[in-house]
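Reader: Could you walk me through this structure slowly, since I am new to reading these?
Author: Gladly, and we can take it one topic at a time.

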Amino acid sequence: MAPIEVYGMQLSAPCRIVEMTAEVLGLEYEFKVVDLMAGEHMKPEFLALNPMHNIPTIKDGDFVMNESRAAAAYLVNKYAKVDNLYPKDAEV
């Protein structure tokens with residue numbers, strides 16, 4: 001399995017949420033820096049990946065998503081061996 005790609009900036013708290021979730025789960029991932037100050041989020045290659053041009057963005061195989069809490073939940077739901085990191089019950 002290819003590593004998950006996490007696009008973002010270390011200064012971004014939402015990016016760190018996704019990165020920390022991947023770390024806790026012991027996932028192999030590649031952090032790809034997208035420098036917002038340099039406008040890298042508006043380059044055609046990033047817009048092709050994420051038309052909303054925000055970070056973090058994750059790519060897991062052919063699946064791409066771009067909201068930090070949803071991305072963290074996705075990683076837990078797909079890869080966690082136990083369910084104590086994120087509740088399965090939506091009302092908890």
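**Helices, salt bridges and surface**

Author: Let me start with one residue in this predicted model: Arg-69 has a relative accessible area of 56%, and because that is over the 50% cut-off, Arg-69 counts as exposed.

Reader: Which side chain does Arg-69 meet in a salt bridge?

Author: The side chain of Arg-69 meets that of Glu-67, with 3.1 Å from N to O. Glu-67 is partly exposed, at 32% relative accessibility.

Reader: How many salt bridges does the structure hold?

Author: There are three salt bridges. One of them joins the side chains of Lys-32 and Glu-5 at 3.6 Å, N to O, and this pair links distant parts of the chain, since Lys-32 is in strand E2 and Glu-5 is in strand E1, 27 residues apart.

Reader: And is Glu-5 buried or exposed?

Author: Glu-5 is buried, with a relative accessible area of 17%, whereas its partner Lys-32 is partly exposed at 26%.

Reader: What about Lys-78, which side chain does that one meet?

Author: Lys-78 meets Asp-60 in a salt bridge of 3.2 Å, again given from N to O. Lys-78 belongs to helix H3 and Asp-60 to strand E3, so the pair ties together parts that lie 18 residues apart in sequence. Here Asp-60 is buried at 7% relative accessibility, while Lys-78 is partly exposed with a relative accessible area of 47%.

Reader: Okay, changing topic to helices: what span should H1 have?

Author: Helix H1 runs over residues 13-25, and at 1.5 Å a residue its 13 residues should span 18 Å, which agrees with the 18 Å between its end C-alpha atoms.

Reader: Which residues of H1 are buried?

Author: The buried ones are Cys-15, Val-18, Glu-19, Thr-21, Ala-22 and Leu-25. They cover an arc of only 155° around the axis, so they sit on the same side of H1.

Reader: Why would residues a few places apart point the same way?

Author: An α-helix has 3.6 residues a turn, so residues three or four places apart point the same way.

Reader: What do the buried residues of H1 pack against?

Author: They pack against strands E1 (4-8), E2 (29-33) and E3 (57-60), and also against helix H3 (68-79). The face of H1 turned away from that buried side carries Met-20, Glu-23 and Val-24, which are exposed.

Reader: Does anything follow H1 that I should look at?

Author: Just after H1 comes Gly-26, which takes a positive phi of about 70°.

Reader: And H3, which of its residues are buried?

Author: In H3 the buried residues are Ser-68, Ala-71, Ala-72, Ala-73, Tyr-74, Leu-75, Val-76 and Tyr-79, and what covers them includes E1, H1, E3 and strand E4 (63-65). H3 has twelve residues and reaches 16 Å from first C-alpha to last, close to the 16 Å expected.

Reader: Where does Ala-70 lie?

Author: Ala-70 lies in helix H3 and counts as partly exposed, at 31% relative accessibility. The C-alpha atoms of Ala-70 and Val-18 are separated by 9.2 Å, although the two residues are 52 apart along the chain.

Reader: Last one: which residues form a nonpolar patch on the surface?

Author: That patch is formed by Val-24, Leu-85 and Tyr-86, which together have about 270 Å² of accessible area. Tyr-86 lies in the segment after H3 and is partly exposed, with a relative accessible area of 33%.

Key:
Residues numbered from 1 in each chain as written. Predicted model: local features only at pLDDT ≥ 70, side-chain atom pairs only at ≥ 80, totals over all residues. Heavy atoms only, no water. Helix = DSSP H or I, 4+ residues; strand = E, 2+ residues; numbered from the N terminus. Expected span 1.5 Å × (residues − 1). Buried < 20%, exposed > 50% of the residue type's maximum accessible area, 1.4 Å probe, protein only. Arc of directions from axis to C-beta. Contact = heavy atoms within 4.5 Å. Patch = residues over 30% accessible without salt bridge, like charges linked within 9 Å, V, L, I, M, F, W, Y side chains within 5 Å. Areas by Shrake-Rupley, 256 points an atom, 1.4 Å probe, with all protein chains shown as cover. Salt bridge = Lys/Arg side-chain N within 4 Å of Asp/Glu carboxyl O.
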